[in-house]
Every structure is written in structure tokens, then in C-alpha cells.
Amino acid sequence: MKSQRPITSDDEHRVLQFRPRTTPSPVVHRGSGVVQPLHAAAPKPLDLSRYEQPRNEPDDFRHRMLANIAALAFTIALTAIGIWLAVSIADLRRTQDCVLMGRRDCVRVTTPHI
């Protein structure tokens with residue numbers, strides 16, 4: 001089977017130059033088209049210095065460390081409670097499934113070692 005290529009004219013092939021929308025660049029007219037230069041003036045890089053505010057007193061690193069330790073302890077406590085809750089729910093589900101199957105030896109009986 002022959003591969004057929006569509007007949008194309010030179011009018012269909014055009015290279016477009018894209019420019020950023022934030023910086024206006026000068027327009028140059030040449031012939032019937034408009035040409036924009038590729039390398040426009042680079043904008044000043046943005047930094048965070050415009051958001052900085054002078055402080056009256058220096059940072060209290062001791063207070064910050066205590067707050068971080070308290071947050072870490074709270075996170076660990078929440079994680080431990082979540083794990084305990086998940087294990088308890090799984091154990092209750094196992095016991096309920098056993099009872100619903102009609103078995104009688106579902107509850108674990110623990111005896112103290114004498």
C-alpha cells in the first residue's frame with residue numbers, strides 16, 4: 001500500500017514567536033508581518049525582601065524549641081492513639097465475625113499464671 005502525503009503549500013508552515021505576557025516588548029514591523037525581538041530586557045527577579053518587617057526584639061529560640069517539642073509530643077500521642085484505636089476496632093471486628101458465624105469460642109479468655 002502506498003503512503004500518501006497531503007499536498008501542502010508554504011502558506012501553511014509558519015513559525016510563531018511567543019513572548020511572555022508580563023513584559024511588554026517593542027514591536028518591529030517588517031514587510032507584512034510583525035516581528036518581536038527574542039531577547040527582551042530581563043525583569044528584576046522577585047525576592048521576599050519586600051515582605052520583611054523590622055523586629056523590635058530578637059527571636060526567642062528557647063520558646064520556639066519548646067513549642068516544637070510540644071508539637072512533636074502531641075503528634076506522637078495522636079499517632080499512638082490512632083494505632084491503638086485501629087487495633088481495637090480490628091479486634092472487635094474479628095470477634096463480631098466469629099460470633100456471627102455461630103461459633104462459641106470467640107472471646108479470648110486470659111488466665112493469670114500462677
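A residue counts as buried under 20% relative accessible area, as exposed over 50%, and as partly exposed in between. By that scale arginine 94, at 49% relative accessibility, counts as partly exposed. The structure described here is a predicted model, and its chain of 114 residues has 4% of them counted as buried. The briefing takes the overall fold, then the disulfide, the salt bridges and a nonpolar patch on the surface.

**Overall fold and surface**

- The secondary structure of the chain comes to one helix and two strands, and when the chain is read along the sequence these elements follow the pattern β-β-α.
- Helix α1 spans residues 61–100, and leucine 85 has its place within that helix.
- The accessible surface of the chain comes to about 12,500 Å², and carbon and sulfur atoms account for 60% of that area.

**The disulfide**

- The structure holds one disulfide, which joins cysteine 98 to cysteine 106 with a distance of 2.1 Å from S to S.
- The link of cysteine 98 and cysteine 106 is left-handed, with an angle of -80° about the S-S bond.
- Cysteine 98 is buried, because its relative accessible area of 10% falls under the 20% cut-off.
- Cysteine 106, the partner of cysteine 98 in the disulfide, is likewise buried, with a relative accessible area of 14%.

**Salt bridges around aspartate 59**

- A search of the whole structure finds four salt bridges, and among the residues involved, Arg55, Asp59 and Arg64 are linked in a network.
- Within this network, the side chains of arginine 55 and aspartate 59 meet in a salt bridge with an N to O distance of 2.5 Å, while the side chains of arginine 64 and aspartate 59 meet in a salt bridge with an N to O distance of 3.2 Å.
- Arginine 55 counts as exposed, because its relative accessible area of 64% is over the 50% cut-off.
- Aspartate 59 is partly exposed, with a relative accessible area of 32%, and arginine 64 also counts as partly exposed, at 41% relative accessibility.

**A salt bridge within helix α1**

- The side chains of arginine 94 and aspartate 91 meet in a salt bridge, with an N to O distance of 3.4 Å.
- Arginine 94 and aspartate 91 are three residues apart in helix α1, so about one helical turn separates them.
- Aspartate 91 is partly exposed, with a relative accessible area of 32%, as is its partner arginine 94, for which the value is 49%.

**A nonpolar patch on the surface**

- Ile81, Trp84, Leu85 and Ile89 form a nonpolar patch on the surface, and together these residues have about 450 Å² of accessible area.
- Leucine 85, one of the residues of this patch, is partly exposed, with a relative accessible area of 43%.
- Leucine 85 can belong to such a patch because its relative accessible area of 43% is over the 30% that a patch residue needs.

Notes
Residues are numbered from 1 along each chain as its sequence is written. This is a predicted model: local features need pLDDT of at least 70, side-chain atom pairs count only at pLDDT 80 or more; totals for chains, interfaces and linings use all residues. Side-chain values use heavy atoms; hydrogens and water are left out. Patches are made of residues with over 30% relative accessible area and no salt bridge: like charges are joined within 9 Å, nonpolar side chains (Val, Leu, Ile, Met, Phe, Trp, Tyr) within 5 Å. Accessible areas come from the Shrake-Rupley method with a 1.4 Å probe; for residues, only the protein chains shown count as cover. Helices (H or I, at least four residues) and strands (E, at least two) are DSSP runs, numbered from the N terminus. Buried means under 20% relative accessible area, exposed over 50%, partly exposed in between (1.4 Å probe, protein chains only). A disulfide is a pair of cysteine sulfur atoms within 2.5 Å.
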